[in-house]
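Here is a walk through one protein model. Keep the viewer open and follow each stop in turn.

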Amino acid sequence: ADSITVEAVAAGGVVGSSIEDDVRHIVEEIVESVCRATRSADVRPVSQASTRLSPTPSMTVMGPNSVAYVPRNDSSTPSVAANTENSQVPGESTPQPFESTWGFDHIVQKDAFLVFRSLCKLSMKSIESHDPKSHELRSKILSLELLLNVLDSAGPVLRTGPMFINAIKQYLCVALSKNGVSSVPTVFELSLSIFLALLSNFKDHLKMQIEVFFKEIFLNILQRTTSSFQHKLLVTVALSKICKDPQCIVNIYLNYDCDLSLANIFERLVGDIAYIAKGSNSVVLGHATAQQEKSFQLAGMSCLVGILRSLVE
């Protein structure tokens, strides 16, 4: 009994250390990415840097808003002692703070943006092995889980701030488009959850992106014979959550089907789900068993019931 206990403890220690190594590696990558971004953002153009007063030992900081400059022995150098709020170097405009040029009101928002961007880039890294114990796959899964937590707990700054909205469009949507076609079920399921979070919390800012995700990725998975049964079932379960939200159904119809320049997402959604609910899924599912076909059909019927109830409400 003692030997079994020791082996169990040892095994637990190995698992714990492996998880700690993964977390430590991800944190190190995030910190390194943030540091690189900060260093590159702080680099000024040569044309501007050459006109600024070069920092020398004779420049003494007097306070947060004032600088006293003691000239060198060169008689041609002017003497400057001024408050930075009320004066500037002749011939040069007042430099803007880094945060103001990026649209951040606080340094914490800047740090949050850099961490969010690093997580998106980490989730986009390619994986060589689908082994659940591989470091690359576990890092991708952990980064997607962290991104999902960020979206679910997003406050007003993240939901409406221009910099964060642009970060979602530029980084998260690209990561979602890559992971949304992943053959790894866990990665695909997390991508679906992130899509639902975007549809729930950021639909006002991502109209075009949501159309692409519906039309080119998730609804296409239902029609492709090469997609696995598990992927199709996960999409159907996600669609059932959408269909049970009356306001979401109305928004989809008004924003896409009533817009002549966009695809009829609601019409296609109802058509695909109705085809699934009919039970003629042998061609779509490929080599699925009878039990799998039945569960797939029930999931489609659940979506149709949700749509009808939403229309009534």
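Contact here means heavy atoms within 4.5 Å. Keep that cut-off in mind for I252, which touches F214, I242, D257, I265 and F266, leaving aside residues up to four places away in sequence. The model is a predicted one.

Start with the overall build. The protein has 313 residues, and buried residues make up 35% of them. Its secondary structure comes to 14 helices and three strands. Take the contacts between residues at least 6 apart in sequence: 64% of these join residues at least 24 apart. The accessible surface comes to about 18,100 Å². Carbon and sulfur atoms account for 58% of that surface.

Now return to I252. This residue sits in helix α11, which spans residues 246-257. Is I252 buried or exposed? Its relative accessible area is 3%, and buried means under 20%, so I252 counts as buried. One of its contacts is F266. I252 and F266 are 14 residues apart in sequence, yet their C-alpha atoms are 6.2 Å apart in space.

Helix α11 also holds Y253. Here the value is 40% relative accessibility, so Y253 counts as partly exposed. Y253 belongs to a nonpolar patch on the surface, together with V250 and L254. The three residues have about 270 Å² of accessible area together. So within helix α11, I252 is buried, while Y253 is partly exposed.

Move next to helix α8, residues 185-201, and find S191. S191 has a relative accessible area of 1% and is therefore buried. What lies 2.9 Å from a polar atom of the S191 side chain? The backbone oxygen of V187 does. Beyond residues up to four places away in sequence, S191 touches L176, N179 and G180.

The aromatic residues come next. The model has seven aromatic pairs. One of them joins F195 and F213. The ring centres are 5.9 Å apart, the planes meet at 80°, and the pair is edge-to-face. What does this pair tie together? F195 lies in helix α8 and F213 in helix α9, residues 207-223, so the pair links parts that are 18 residues apart in sequence. Both F195 and F213 are buried. They also belong to an aromatic cluster, made up of F188, F195, F213, F214 and F218. F214 is a name to recognise: I252 touches F214 as well.

Charged side chains give another set of links. How many salt bridges does the model have? The count comes to four. One of them joins K207 and D259, with the closest N and O atoms 3.2 Å apart. K207 lies in helix α9 and D259 in the loop between α11 and α12, so this salt bridge ties together parts that are 52 residues apart in sequence. K207 has 31% relative accessibility and is partly exposed. D259 is partly exposed too, at 22%.

Stay in helix α9 for the next pair. E211 and K215 are four residues apart there, about one turn of the helix. Their side chains meet in a salt bridge, at 3.9 Å from N to O. E211 is at 6% relative accessibility and counts as buried. K215 has a relative accessible area of 28%, so K215 is partly exposed.

Helix α12 holds a further salt bridge. Find D272 and R268, four residues apart in this helix, about one turn. Their side chains meet at 3.7 Å, N to O. Which partner is buried? D272 is, with 11% relative accessibility. R268 stands at 22% and counts as partly exposed. As for networks, salt bridges that share partners join E211, K215 and E216 into one.

To finish, view these stops together. The F195 and F213 pair ties helix α8 to helix α9. The K207 and D259 salt bridge ties helix α9 to the loop between α11 and α12. I252, in helix α11, touches F214, a member of the aromatic cluster.

Terms used
Residues numbered from 1 in each chain as written. Predicted model: local features only at pLDDT ≥ 70, side-chain atom pairs only at ≥ 80, totals over all residues. Heavy atoms only, no water. Helix = DSSP H or I, 4+ residues; strand = E, 2+ residues; numbered from the N terminus. Buried < 20%, exposed > 50% of the residue type's maximum accessible area, 1.4 Å probe, protein only. Polar contact = N/O pair within 3.5 Å; in protein donor to acceptor, adjacent residues only side chain to side chain. Patch = residues over 30% accessible without salt bridge, like charges linked within 9 Å, V, L, I, M, F, W, Y side chains within 5 Å. Areas by Shrake-Rupley, 256 points an atom, 1.4 Å probe, with all protein chains shown as cover. Phe/Tyr/Trp six-rings, centres within 6.5 Å; stacked < 30°, edge-to-face > 60°.
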